[in-house]
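Let's walk through this fold together, one sheet and one helix at a time. Have the structure open and follow along.

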Amino acid sequence: MTGSKEFISGNEAVAMGVRLARPGVISAYPISPQTIVVEKLSEYVDDGSLAARYIRVESEHSAISAALGASALGARTFTATSSQGLLYMVEGLPFVSGGRFPVVMMNANRTIAVPWSIFNDHNDSLLLLNSGWMQVYVEDAQEGLDVVIQAFRIAEDPTVMTPVMVNLDGFILTHTYELVTIPSQDQVDAYLPPYATDHKMTLEKPVSLCIGAGPDWQTEFRYQQHGAMLRAGAVIRKADREFGDIFGRTYGGLTEMYRCDDAEAVLVTLGSITNTVRAVVDSLRAEGRKVGLVKIRYMRPFPLEDFIGLGDQVKAIGVIDKDISYGYEGTVFSNVNSALTRRRKIPATVNYIGGLAGRDISKKNIETMYRELLDMDGNAPEDRVKFVNLRWDNE
């Protein structure tokens, strides 16, 4: 069987991906704009198309705690959340990652309070880069479905054993309907075998999990956790290649490089804005402008080698951040700048802060960014952090 095509939302695509991955336990608590994911999964469990234990918990804190417990007993486990719900999970996130439990979680990116808003930016997930979870950001519903399936394989790899947070831009992707190719169950079963591990609680082979460690061993545990995250890079690339062999779709591993081979100015993106930037790249290329795009897929592990490997002809790099580390700069920009210091030739860099709480970043805005970068000729402006579409700039 080769699967089918359906016109579905990003949330439904994620839910279908989870169903195809055959988790044993789902811990569920609703929060906009993620709720449809856990609602659909409850329908699948109810109609018998998904044989899983569905746990209705009383809060996001309980959701991550239940996921921890289920994974500790050896079950393939999924949960989902968004924004303030993700922040309510914070206490449990390092328990899951430090305990080396390969939980997969979908996060519908939504701005955090206050001011209150239900619309999209990346302040929620990027706040938690140090939680020990892998973080992947998808561009559309198809990638969302495919990446959820890949995420279980990557997380459960014996050399990795690290949880994965799959991020979809709230409302922009979660509620937008697209034509999505749904793999057959036979295809997914060939790609993702049932989860089996000795890293679990069992009477047959008792082990200690989530133990304590003092100063004499704490660093060694963190060193091993860090090493697993670094090893995940190669596992992600292999998982993506093998996914392509079966399903005919690949995503480039940790990043996607678009028209960068001879680019002089490059924009770096995260999530759904990538599609708009790609269209602008094509438009400017038609004018003879040498521009390119680096789509970061994984913020953790970070794609260091991909930035080191950019050609020496790149004179300027702009980073679009839908977040801000107050008093400094965007989080993605900080990570990209750090990677660029490893290069022999360091390009000028500019941080474009935009899209906060769902404000539009237009094609015109992106064209302006590229033209500014092309005009820099390797010399960055003194103020390298620029806010896009400030109201008083437009009045």
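An open sheet is a good place to begin: its 7 strands are ordered β3-β2-β4-β5-β7-β6-β12, and their pairing is mixed. At the edges stand β3 (53-56) and β12 (298-300); each has a single partner strand, so one side of each is left without a neighbour in the sheet. Direction ignored, neighbouring strands of this sheet are turned by 20 degrees against each other on average. Please keep in mind that this is a predicted model.

Within this sheet, look at β6 (residues 134-137) and β7 (residues 164-169), which pair in the parallel sense over 4 bridges. Here Tyr137 stands opposite Asn167 in β7. The sheet also carries a helix: α2 (residues 35-47) packs on it and touches β2 (25-28), β3, β4 (77-81) and β5 (104-109). The direction of α2 makes about 135 degrees with that of β3.

**Helix α2**

How does the span of α2 fit its 13 residues? At 1.5 Å a residue they should span 18 Å, and the end C-alpha atoms are 19 Å apart, which agrees. The buried residues of α2 are Thr35, Val37, Val38, Lys40, Leu41, Ser42 and Tyr44. The cover over these buried residues includes α1, β2, β3, β4 and β5. Just after α2 comes Gly48, with a positive phi of about 85 degrees.

**Helix α1 and its partner**

Helix α1 (residues 10-21) has 12 residues and reaches 17 Å from its first C-alpha to its last, close to the 16 Å expected at 1.5 Å a residue. Of the 12 residues of α1, 11 are buried, so this helix is largely enclosed by the rest of the structure. You can pick them out as Gly10, Asn11, Glu12, Ala13, Val14, Ala15, Met16, Gly17, Val18, Leu20 and Ala21. Arg22 follows α1 and has a positive phi, near 55 degrees.

Now bring helix α7 (residues 141-156) into view. The axes of α1 and α7 come within 8 Å and cross at roughly 30 degrees. That makes α1 roughly parallel to α7, and α1 passes α7 in a right-handed crossing. On the α1 side of this contact are Gly10, Ala13, Val14, Met16, Gly17, Val18, Leu20 and Ala21; they meet Ala141, Gly144, Leu145, Val148, Ile149 and Phe152 in α7.

One residue of α1 deserves a closer look. Is Gly17 buried or exposed? With a relative accessibility of 0%, Gly17 counts as buried. Its place is in helix α1, and, leaving aside neighbours within four places in sequence, Gly17 is in contact with Leu145, Val148 and Ile149. The C-alpha atoms of Gly17 and Val180 are separated by 11 Å, although these residues lie 163 residues apart along the chain.

**The second sheet**

Another open sheet is formed by 6 strands in the order β9-β11-β10-β13-β14-β15, again with mixed pairing. Its edge strands are β9 (255-258) and β15 (385-387), each pairing on one side only. From one strand to the next, the twist averages 20 degrees.

The table sets out some of the strand pairs here, each with a residue pair that stands opposite.

| Strand pair | Sense | Bridges | Opposite residues |
|---|---|---|---|
| β13 (residues 316-321) and β14 (residues 348-353) | parallel | 6 bridges | Asp321 and Ile353 |
| β9 and β11 | antiparallel | 4 bridges | Met257 and Val294 |
| β10 and β11 | parallel | 6 bridges | Val268 and Val294 |

Helix α13 (residues 363-376) packs on this sheet, touching β10 (265-270), β11 (291-296), β13, β14 and β15. The direction of α13 makes about 140 degrees with that of β10.

Finally, which way do the residues of β11 point? In a regular strand the side chains alternate between the two faces of the sheet. In β11, Val291, Leu293 and Lys295 point one way, while Gly292, Val294 and Ile296 point the other way, and all are buried. The strand β11 is thus mostly covered, with 6 of its 6 residues buried. Val294 makes a handy landmark in this strand: Met257 stands opposite it, and Val268 stands opposite Val294 as well.

Technical notes: Residues numbered from 1 in each chain as written. Predicted model: local features only at pLDDT ≥ 70, side-chain atom pairs only at ≥ 80, totals over all residues. Heavy atoms only, no water. Pairing = 2+ DSSP bridges. Helix = DSSP H or I, 4+ residues; strand = E, 2+ residues; numbered from the N terminus. Axes fitted to C-alpha atoms, helices over the stretch in contact; angles between N-to-C directions. Contact = heavy atoms within 4.5 Å. Expected span 1.5 Å × (residues − 1). Buried < 20%, exposed > 50% of the residue type's maximum accessible area, 1.4 Å probe, protein only. Parallel < 35°, antiparallel > 145°, perpendicular 65-115°, else oblique. Left-handed = near helix turned anticlockwise from the far one by under 90°.
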